[in-house]
Amino acid sequence: MSLLEIKNLYARAEEQEILKGVDLTVEPGQVHAIMGPNGSGKSTLARVLAGDAVYEVTDGQALYKGQDLLDMDPEVRAREGLFLAFQYPVEIPGVSNVYFLKAALNAIRKHREEPEMDAMEFLAYVREKMKLVKMEESLLQRPVNDGFSGGEKKRNEIFHMATLDPVLAVLDETDSGLDIDALKIVADGVNSLRDDKRSFVVITHYQRLLNFIVPDVVHVMVDGRIARTGGKELALELEERGYSWLEQKVATGAAAPVEA
Amino acid sequence: MSTTLVSDAVEPYAIAFEKLRGELPGGDRVTELRRGAMQRFGEIGFPDVRQEEWRFTDVSPIARTEFDLSPSAGSLDAADLAPYSYRDCYRLVLVNGHLAPELSDLAGLPSGVEVRGLAAALGAGSEAAEAEVGRHAAYAEHPFVALNTALWRDGVLVRVPRGVVLDKPVNLVVLGTPGGQPLAFFPRVLVIAEESSQLTIVEQYATLGEGRYLSCPVTEIVAHPNSVVDHYKLQRESSSAFHVATFQIHQERDSNVSSHSISWGGDLVRNDVNAILAGEGCEANLNGLYLVEGDQLVDYHMRVEHVAPHCDSHELFKGILEGSARSVFNGRIYVHPGAQKTDAKQTSRNLLLSRDALCNANPQLEIFADDVKCTHGSTVGQLDDTAIFYLRSRGIGEEAARSLLTYAFAADIVERIRVPQVRQELEEFLFRRLPKGDIVRQAV
Ligand SMILES: Nc1ncnc2c1ncn2[C@@H]1O[C@H](COP(=O)(O)OP(=O)(O)OP(=O)(O)O)[C@@H](O)[C@H]1O
Ligand SMILES: [Mg+2]
């Protein structure tokens, strides 16, 4: 069974149609990359998958482990193993990063009928995960993302991901704006979590990331749709040629029914 | 006509005063003060909503209620008091306005420090008490200050002599024990921090029993040069309580007063907080947090007066409103001519958790000096949907996410509280009050 199966997905926000028939299938253990121009709907797709109520799904479906994903509350999706690393992680002053994660992990474990971790267990567990993303201890004690630099926020997302141990992780531009060291940390974090059951959907603008996280499949999203799917060489082609040749194709394709 | 209404409402107070005046404590000055205050109350009566200062707070339910104006102390034992008595504090307890020495605990009080009943202090000829009571809280324009000044039966005197640092906080527990006829009491608190002294005081207002009552305290703090006063007020009375309080601060040169006013109880709550920065180099930090639900109303009327140059005042108030609760924050900053280099900052933030909750925030800056820094800001908002989604996307349930963010909103006030007992009390309250509080407890 596919881990994720999106069929003909349409979604809108504030009267604006954003996703216009997305099809995407992710098998267990695969890494998919989604590229595409600004405003093409990549983040929207990620947020719809995570359950952001800002977006209204108007057509299509998404099956996750064979279940109707769109029918689940966002927290249930998370507890079922879906993780979204936000393009813009949210600052939450007043809520400590580490205690918040403990509450989140325990909510997930409870859902999985695993025993909750006590403070000691959790601390030992979390220390391991911190090493993975080279997080400084001080970022643990601070409020969630509060006053973090851009790079620290991205790394914190990967740290959350590693801690919460997802089955499907969607990374929305987690590489954007990172220097090469931070980028490697993020990529190492992802690579160390790769196995034959866990899958990733990596949204990025830059083929550079895909040198470090080598994808199985590359998609290009244009105007709310997957315009092209290929292997990792597609990313290289995009790097060279840009997106305009694909955008034109979509434009003529979209125009066709109107002309008919 | 409204004038008849006013005098109707006022009459029982005048009668009670005539009956009680012989037994009310105080020497010549205090007695004269009482008489003047009663007379003034007779002239102005209860305020109505046509008056600017009472525009959003209708006290007619108070004016209409027939209170027992000299309720007895009742009898309480240590078990009743347990929830309110903090460890490691000097404790004084007032029940329905009467001092309850058997519930108080002043063991180990350093010699020279006065922490005692105000009536007893006056009775024993305390010069400080006789000189200072009522010198700072002006009654002429405030009917409830007038009532308190006329009718107070007892209260507390805290005086820390020059250079002394009081080792433990003073915990003042003001209890109301309503039941049967509504009752009213008027506690009076006088705190004197002499030169270069330091003290911490916690005022707690709480209820045992059910029924209407009015607690109407006036607290005066006199901070002499270079003194440091850390003040807390925890208003946690029952939802049948009226609470109308005035907190008057007088600061001399280089003194530092900070106050945290926490309010979650009461039906109708009004707090007037007035600070006069009379000497150079003063610092006043006046913070507050209120949580209201149902039909509760809480009104903070702040007035900070910069009289001398080089003084700083900072106000941070946060409110969390649910149900059809209402809040009023009126923040006046008055900078006198000559109070140059004033640095005054006022912030009020309200979080509305329901559609029917309502808040009125009204900053008023009156500045008569030209080299000053005065800022104010007020916000009213709801929980941030993006933040809720972010938390939920990590597996936290919706209710818990909302509660977490609500807690987080309050957290910067909670974190400023330096008395662990008070801080813990507030945290525990929040964990109880917020849905899924056990998750919040884990996550903060
Ligand atoms: N909440 C919203 N309300 C209204 N319009 C939205 C909303 N979210 C996204 N949009 C619009 O939908 C379109 C797609 O946005 P989205 O953020 O999904 O693009 P993206 O591919 O992630 O772009 P980028 O590469 O810049 O991150 C844009 O035109 C955007 O303005
Ligand atoms: Mg995006």
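How many disulfides are there over all chains, by the rule used here? The count comes to 0. A disulfide is a covalent bond between the sulfur atoms of two cysteines. By definition, the two sulfur atoms must lie within 2.5 Å of each other.

Good morning. Before going further, I should state how the model is to be read. This is a predicted model, in which local features need pLDDT of at least 70 and side-chain atom pairs count only at pLDDT 80 or more, while totals for chains, interfaces and linings use all residues. Residues are numbered from 1 along each chain as its sequence is written, chains are lettered from A and ligands numbered from 1 in the order in which they are written, and side-chain values use heavy atoms, with hydrogens and water left out.

Let us stay with the cysteines for a moment. The sulfur of B:Cys311 has its closest cysteine sulfur in B:Cys282, at 4.1 Å, which is too far for a bond. B:Cys311 is buried, with a relative accessible area of 0%. B:Cys216 is buried as well, at 1%. Buried here means under 20% relative accessible area, exposed means over 50%, and partly exposed lies in between, with a 1.4 Å probe and protein chains only.

I turn now to the magnesium ion, which is ligand 2. Which protein atoms are its donors? They are OG of A:Ser43 and OE1 of A:Gln87, lying 2.0 to 2.2 Å from the ion. A:Ser43 lies in helix α1 (residues 42–50) of chain A, and A:Gln87 lies in the loop between β6 (82–85) and β7 (92–96) of chain A, so the pair ties together parts that are 44 residues apart in sequence. A:Gln87 is buried, with a relative accessible area of 15%. Donors are N, O and S atoms within 2.8 Å of the metal (3.2 Å for Na, K and Ca); water is not among the atoms, so sites may look incomplete. As for the names of the elements, helices (H or I, at least four residues) and strands (E, at least two) are DSSP runs, numbered from the N terminus.

Next comes ligand 1. It is surrounded by 17 residues, and the closest are A:Lys42, A:Ser43, A:Thr44, A:Tyr55 and A:His205. To be counted as near, a residue must have a heavy atom within 4 Å of the molecule or strand in question. Three side chains place a polar atom by an oxygen atom of ligand 1: A:Lys42 at 2.7 Å, A:Asn38 at 3.2 Å and A:Glu173 at 3.3 Å. The protein covers 71% of the 630 Å² of accessible area that ligand 1 has on its own. That area comes from the Shrake-Rupley method with a 1.4 Å probe; for residues, only the protein chains shown count as cover. Elements giving two or more residues to the shell around ligand 1 are β2 and α1 of chain A, and α1(A) gives the most, with 3 residues.

Helix α1(A) therefore deserves a closer look on its own account, being mostly covered, with 8 of its 9 residues buried. Among the buried residues are A:Lys42, A:Thr44 and A:Leu45. Just after the helix, A:Gly51 takes a positive phi of about 100 degrees.Strand β2(A) belongs to a sheet. Four strands of chain A form this open sheet in the order β2-β1-β4-β5, with antiparallel pairing. β2 (16–26) and β5 (67–68) stand at the edges, each with a single partner strand, so one side of each is left without a neighbour in the sheet. Two strands pair if DSSP finds at least two bridges between them. Strand β1 (residues 4–13) is joined to β2(A) by 8 bridges, and A:Leu9 has A:Val22 as its bridge partner in β2(A). β1(A) and β2(A) form a hairpin with 2 residues between them, and A:Glu14 in the turn has a positive phi of about 45 degrees. At the other edge, β4 (residues 56–64) and β5(A) pair over 2 bridges, where A:Asp68 is the bridge partner of A:Leu63.

Finally, I come to some loops of chain B. Most residues other than glycine have a negative phi, and most peptide bonds are trans. B:His310, although not a glycine, has a positive phi of about 60 degrees. B:His310 sits in the loop between β16 (297–306) and β17 (312–321) and is partly exposed, at 45%. B:Lys436 has a positive phi of about 55 degrees, lies in the loop between α10 (420–433) and α11 (437–443), and is partly exposed at 42%.

Thank you for your attention.

Definitions and conventions: Polar contact = N/O pair within 3.5 Å; in protein donor to acceptor, adjacent residues only side chain to side chain.
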